[in-house]
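Visitor: Hi, have you got a minute to go through a model with me? I'd like to start with the ligand and then wander a bit.
Guide: Happy to, let's put it on screen.

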Amino acid sequence: MKKQHIGFDLYIYEGIEELPSSERRLLERAISARKNAYAPYSNFQVGAAVLMENGEVVIGNNQENASYPSGLCAERVAVFQAGALYPGVAILAIAISAASKNYILDLPAGPCGNCRQSIMEYEIKQRSPISLLLQGQEGPVFKCTSIKDILPLAFGNSFLGDS
Ligand code: THU
């Protein structure tokens with residue numbers, strides 16, 4: 001038996017002001033996208049801004065539905081739209097802003113498992129890392145430099161063989 005530790009570097013900024021200006025601008029896009037989220041059932045609003053290698057920014061926000069499972073998270077709205085608009089263009093970074101209408105969220109909310117898997121699909125496809133910036137309504141900004149950091153032992157197309 002062997003034991004192996006799997007860890008990653010999480011960069012913690014005290015607030016949005018501490019970010020380099022390009023990352024601050026991306027997070028600001030996520031914050032403004034969050035404000036247009038359609039989340040009447042959870043009152044939990046999320047915005048995502050995807051920075052593409054061609055310099056374009058594609059935004060998304062969560063879209064809920066009276067039939068709850070039909071809704072979609074902000075991150076997937078954004079990355080699927082990025083894939084639709086710019087096929088073959090790599091994603092450099094995704095900023096994610098989350099807030100509740102019921103309380104002050106002062107810590108970043110990590111993307112859900114389905115969103116991590118969806119982002120992983122693009123990171124594998126493009127063969128270059130996608131960095132993530134996360135913030136709640138206020139408080140610290142967390143940055144990690146690859147989706148692999150927060151989805152270890154991930155499933156990907158290599159398991160499907162070459163059919
Ligand atoms: N949500 C996101 O948009 N992204 C996540 O990664 C976690 C959850 C949304 C889905 C739903 O509309 C609301 O937040 C509450 O779960």
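Guide: This is a predicted model, and we can take the ligand site before some individual residues.

Visitor: Great. Which residues are around the ligand?
Guide: The residues around it are Ser-42, Phe-44, Val-46, Asn-62, Glu-64, Cys-73, Ala-74, Glu-75, Pro-111 and Cys-112. By class, that shell has six nonpolar, two polar and two charged residues.

Visitor: Which side chain has a polar atom 2.9 Å from an oxygen atom of the ligand?
Guide: That is Asn-62, through a polar side-chain atom. Backbone atoms take part too: an N or O atom of the Ala-74 backbone lies 2.9 Å from a ligand oxygen, and a backbone N or O of Cys-112 also lies 2.9 Å from an oxygen atom of the ligand.

Visitor: And how much of the ligand's accessible area does the protein cover?
Guide: On its own the ligand has 370 Å² of accessible area, and the protein covers 74% of that. The space the ligand takes is the largest pocket.

Visitor: Which elements give two or more residues to the shell?
Guide: Strand 2 (44-52) and helix 2 (74-85) do.

Visitor: New topic: Asn-114. Where is it, and is it buried or exposed?
Guide: Asn-114 belongs to helix 3, residues 113-126. Its relative accessible area is 52%, so it counts as exposed.

Visitor: How far is Asn-114 from Val-46, C-alpha to C-alpha?
Guide: Those C-alpha atoms are separated by 15 Å, and the two residues are 68 apart along the chain.

Visitor: What about Gln-135, buried or exposed?
Guide: Gln-135 is buried, because its relative accessible area is 6%, under the 20% cut-off. It lies in strand 5, residues 131-135.

Visitor: What does the side chain of Gln-135 have a polar atom 2.9 Å from?
Guide: The backbone oxygen of Gly-139.

Visitor: Last thing, backbone angles. What is phi at Asn-43?
Guide: Phi of Asn-43 is near 60°, a positive value in a residue other than glycine. Most residues other than glycine have a negative phi. Asn-43 sits in the loop between helix 1 (21-34) and strand 2, and with 26% relative accessibility it counts as partly exposed.

Visitor: And what about phi at Arg-127?
Guide: Phi of Arg-127 is near 55°, again positive in a residue other than glycine. Arg-127 is in the loop between helix 3 and strand 5, and at 78% relative accessibility it counts as exposed.

Visitor: Lovely, thanks!

Technical notes: Residues numbered from 1 in each chain as written. Predicted model: local features only at pLDDT ≥ 70, side-chain atom pairs only at ≥ 80, totals over all residues. Heavy atoms only, no water. Near = heavy atom within 4 Å. Polar contact = N/O pair within 3.5 Å; in protein donor to acceptor, adjacent residues only side chain to side chain. Areas by Shrake-Rupley, 256 points an atom, 1.4 Å probe, with all protein chains shown as cover. 1 Å grid on protein atoms, 1.4 Å probe; cavity = no way out; pocket = protein on both sides within 12 Å on 5 of 7 lines; lining within 4 Å. Sits in = over half its atoms within 2 Å of the grid points. Helix = DSSP H or I, 4+ residues; strand = E, 2+ residues; numbered from the N terminus. Nonpolar A, V, L, I, M, F, W, Y, C, P; charged D, E, K, R; others polar. Buried < 20%, exposed > 50% of the residue type's maximum accessible area, 1.4 Å probe, protein only.
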